[in-house]
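Reader: Please take me through one part of this model in detail. Keep it brisk, and set that part against the chain as a whole.

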Amino acid sequence: MSISEMDAAYERRRLKMVIEEIERQLEKRQAEVERFRRNVVDANRTMWEEGARQIFNLDDAIKTIQYLDVLGHEKIKQNIILNYVRKLLKLQESAYFGR
């Protein structure tokens, strides 16, 4: 079963549109991954520079836990975006992957 020339042209246009959208999304998400990576590095640096080396009171413990929470949330966000980037890369290899 062969497809008509009109159907083939439509499919080529659709495929080109899909690939362009994949590339836009990939660029956007890779920038987000980099931003989250910088946030994690900054949070680590801040915790190292401003955090308590030893916990002597409740305030030190609370401050340290807050830094650790920020780090954990940033890592979770980064991992979610990384998974999305992996899926986009698969789609980029074969745009029919998600169809």
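Author: **Arginine 29 and its surroundings**

Not counting neighbours within four places in sequence, arginine 29 is in contact with Ile81, Tyr84, Val85 and Leu88. Contact here means heavy atoms within 4.5 Å. The model is predicted: local features need pLDDT of at least 70, side-chain atom pairs count only at pLDDT 80 or more, and totals for chains, interfaces and linings use all residues. Residues are numbered from 1 along each chain as its sequence is written, and side-chain values use heavy atoms, with hydrogens and water left out.

Arginine 29 sits in helix H1, residues 5-50. Helices (H or I, at least four residues) and strands (E, at least two) are DSSP runs, numbered from the N terminus. Arginine 29 has 17% relative accessibility, so it counts as buried. Buried means under 20% relative accessible area, exposed over 50%, and partly exposed in between, using a 1.4 Å probe and protein chains only. The side chain of arginine 29 also joins that of glutamate 32 in a polar contact of 2.9 Å. Such a contact is a pair of N or O atoms within 3.5 Å; within protein, one must be able to donate a hydrogen and the other to accept it, and residues adjacent in sequence count only if both atoms are side-chain atoms.

Now helix H2, residues 58-93, which holds glutamine 78. Glutamine 78 is buried, at 8% relative accessible area. Leaving out residues up to four places away in sequence, glutamine 78 touches Val33, Phe36, Arg37 and Val40.

Glutamate 74 is in helix H2 too. Its relative accessibility is 11%, so glutamate 74 counts as buried. Beyond four places in sequence, glutamate 74 is in contact with Phe36, Asn39 and Val40. With asparagine 39 there is a side-chain to side-chain polar contact of 3.3 Å. Glutamate 74 and glutamine 92 lie 18 residues apart in sequence, and their C-alpha atoms are 27 Å apart in space.

Now the whole chain. It has 2 helices and 0 strands. The C-alpha trace spans about 75 × 20 × 15 Å along its principal axes. The radius of gyration is 22 Å, whereas a compact globule of 99 residues would have one near 13 Å. That radius is taken over C-alpha atoms, and the globule rule is 2.2 Å times the number of residues to the power 0.38. Buried residues make up 23% of the 99 residues. Of the contacts with a separation of 6 or more, 75% come from residues 24 or more positions apart.
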